[in-house]
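Dear colleague,

Please find the structure below, handed over for your own inspection. My notes on what was found in it follow directly after.

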Amino acid sequence: MNWWQKAVIYQIYPKSFMDSNGDGIGDLPGIEQKLDYLKALGVDALWLSPIYLSPQVDNGYDITDYRQVDPRFGTNADLAHLIHASHQHGLKIIMDMVANHTSDQSPWFQESRRSRDNYFSDFYIWRDPKPNGDPPTNWGSNFGGSAWEYVPSRKQYYLHYYAKEQPDLNWENPLVRQAIYDMMRYWKAHGVDGWRMDVITSISKDQRFLDYPNPQHLPVVMGNQNDGPRMHEFIHEMHNEVLAPFAMVSVGESPSAKSTDARLLVDPQREELDMIFTFEHMHVDRQPGNVNGRWAIQPMDVVQLKRILANWQDALRDHGWNALYFENHDRARTPSRWGNDTTYRYESATAFATVLHGLQGTPFIYQGEEIGMTNPRFELADYEDIELKTNYEKLVAQQKTISSADFLKAARKISRDNARTPMQWDGTKNAGFTKGDPWFKLNPNYPSVNVSADRQAQKSVFKYYQRLIQLRHQEDILTSGQFELLLPDDPHLFVYRRTLGDKQWLVLANLSEETQTVPDMPASGRIILDNYLAQHGDPLHELQPYEAAIVAVD
Ligand code: TEU
Ligand code: CA
């Protein structure tokens, strides 16, 4: 078994984690101050969202220089220090690798846009206009508008799947691939243990550059963006060049992968990636086929959530390994999104945690999830995120397919900024995140929801996570046990069995606000964990609102 299969990984969004110097922006020395806290939680590795030099059009997912730490976050020496200190704490470091695109401020792009015949000319994807001057294809960007931007100095368009300030790299060019591998070796030499790979399934583009059938004559988003013809070849090459020789762990982000695609990416025999993040279970509260995409929300469907997670458990059993997550910097807070963030904040936070951490795979915890942080109820003017702003412009202002009020309602449920408010450390001014003016508004509930209060509370989300993490470290049944979904059609209960040898554990959660009886369970068992603390009755047969338990029935 590899270290990362027994591990729980904690994601840090540095900008919002801890500010050490009072400029209102979280930074690397701030992370270092919190290593004891992370150790107390019990996690094994940290994934840092991008801290490289960047104009921050997309909060660092637009990189100017892969080898330089942005002065907002500190210096390269601060990073070296943090890696060293983390290792001394027994924490591994996984860095974000954004290799599908760079910032338009990158010297590579600045050179590339200058002319058609310099060393960097083919580092990006340039194409001539259509005869009538239109963009080369009708592909749409994820952040609104066409995926092509015209540059007069080359009389050509370049491709960008995200903002126009995020030009896509040309992976067909071997010089680009070698430049990325060299960068990975460079950080390996600084002690980095692995990579989270941003939209890695987008790196290969279909070189035919075909238009999509398009009755509405609007740019078409998705479909063109993933699983290009050379994707597996490129990832396999990266595996051989850097991942395998330097034993670095890899978890790829793969927005459109189904479980069958996942097997091709993470089956160890194929020598590509260790794990991938799927988006499939993120769609259980989205109206399928609606023109407003992820802004067309609907109540989440527990049956669908179970079907998707169970399908991934089955598909990767003996053919790969799951990366398990509910929250990250692109997703909302689970109690607000799928649970109840007022009356049952503690209960719903811990119920979803139990469901996730009981599965086979490597759980990822996003900063603040371990204290049950919630979505802020912002007004439109409070939001910062480029994805939200560009989608508002496209859907509300131009297309007029959703009203401003409904867009705001969706934003409060699912927008990316919900997870990006500063970490709530204590009840003092600005939640102890900064002594200056925070770069982004805090969630106004920080006087009551914060690390310090939670760790002292009877109902402590943090303590519950500590226990879940300990169990994963100690109990092989959680890492290796067979998985079987029970009661698949029950609309409120998420129940499954893990089995290892003659050991059997049931993981049970009531994802509703009413007490539920649980049918067809064994007569008795031994409670390993229960989020209703001492008050629990008989979780094998009756579950209180958002009650969750793990019960041994061997
Ligand atoms: O996200 C990829 C991605 O698909 C998201 O932009 C997605 O469209 C959005 O979360 C809504 O579902 C990665 C990063 O995680 C994200 O922060 C970046 O903005 C994006 O890539 C571009 O680098
Ligand atoms: Ca700072």
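The C-alpha centres of domain 2 and domain 3 lie 55 Å apart. Please bear in mind that this is a predicted model. The assignment behind that distance divides the chain into domain 1 (8-100 + 174-377 + 420-464), domain 2 (107-159) and domain 3 (481-552).

Sheets

Two sheets deserve your attention. The first is an open sheet of eight strands with parallel pairing, in the order E11-E10-E9-E5-E2-E1-E13-E12. Its edges are formed by strand E11 (275-277) and strand E12 (323-324); each has a single partner strand, so one side of each is left without a neighbour in the sheet. At the E12 edge, two bridges connect E12 with strand E13 (residues 362-366), and the two run parallel. Within this pairing, Leu324 is placed opposite Pro363 of E13.

The second is an open sheet of three strands, ordered E6-E8-E7, and its pairing is antiparallel. Here strand E6 (126-127) and strand E7 (148-151) occupy the edges with a single partner strand each, so one side of each is left without a neighbour in the sheet. E6 is paired with strand E8 (residues 156-159) in the antiparallel sense over two bridges, and Trp126 stands opposite Tyr158 in E8. E7 and E8 are joined by four bridges and also run antiparallel. Tyr158 appears in this pairing too, as the bridge partner of Glu149. The hairpin of E7 and E8 has four residues between the strands, and in it Lys155 adopts a positive phi near 50°.

Helix packing

How do helix H7 and helix H8 pack, in terms of angle and axis distance? Helix H7 (residues 259-266) and helix H8 (residues 302-316) meet at an angle of about 40°, and their axes are 9 Å apart. The crossing of H7 past H8 is right-handed. On the H7 side, the contact is made by Ser259, Thr260, Ala262, Arg263 and Val266, while H8 contributes Asn311, Trp312, Ala315 and Leu316. Sorted by class, this contact of H7 with H8 comprises five nonpolar, three polar and one charged residues.

Ligand surroundings

Which residues come nearest to ligand 1? Of the 14 residues around the ligand, these are Asp58, Tyr61, Tyr162, Pro255 and Asp330. By class, the shell around ligand 1 holds five nonpolar, two polar and seven charged residues.

When you open the model, I would suggest viewing the sheets before turning to the helices and the ligand.

With kind regards

Terms used. Residues are numbered from 1 along each chain as its sequence is written. Chains are lettered from A and ligands numbered from 1 in the order in which they are written. This is a predicted model: local features need pLDDT of at least 70, side-chain atom pairs count only at pLDDT 80 or more; totals for chains, interfaces and linings use all residues. Axes are lines fitted to C-alpha atoms, for helices over the stretch in contact, and angles run from 0 to 180 degrees between N-to-C directions. A crossing is left-handed if the near helix is turned anticlockwise from the far one by less than a right angle, and right-handed if clockwise. Two residues are in contact if their C-beta atoms, placed from the backbone, lie within 7 Å. Ala, Val, Leu, Ile, Met, Phe, Trp, Tyr, Cys and Pro count as nonpolar, Asp, Glu, Lys and Arg as charged, and the others, Gly among them, as polar. A residue is near a molecule or strand if its C-beta atom, placed from the backbone, lies within 6 Å of it. Domain bounds come from an automatic or database domain assignment. Two strands pair if DSSP finds at least two bridges between them.
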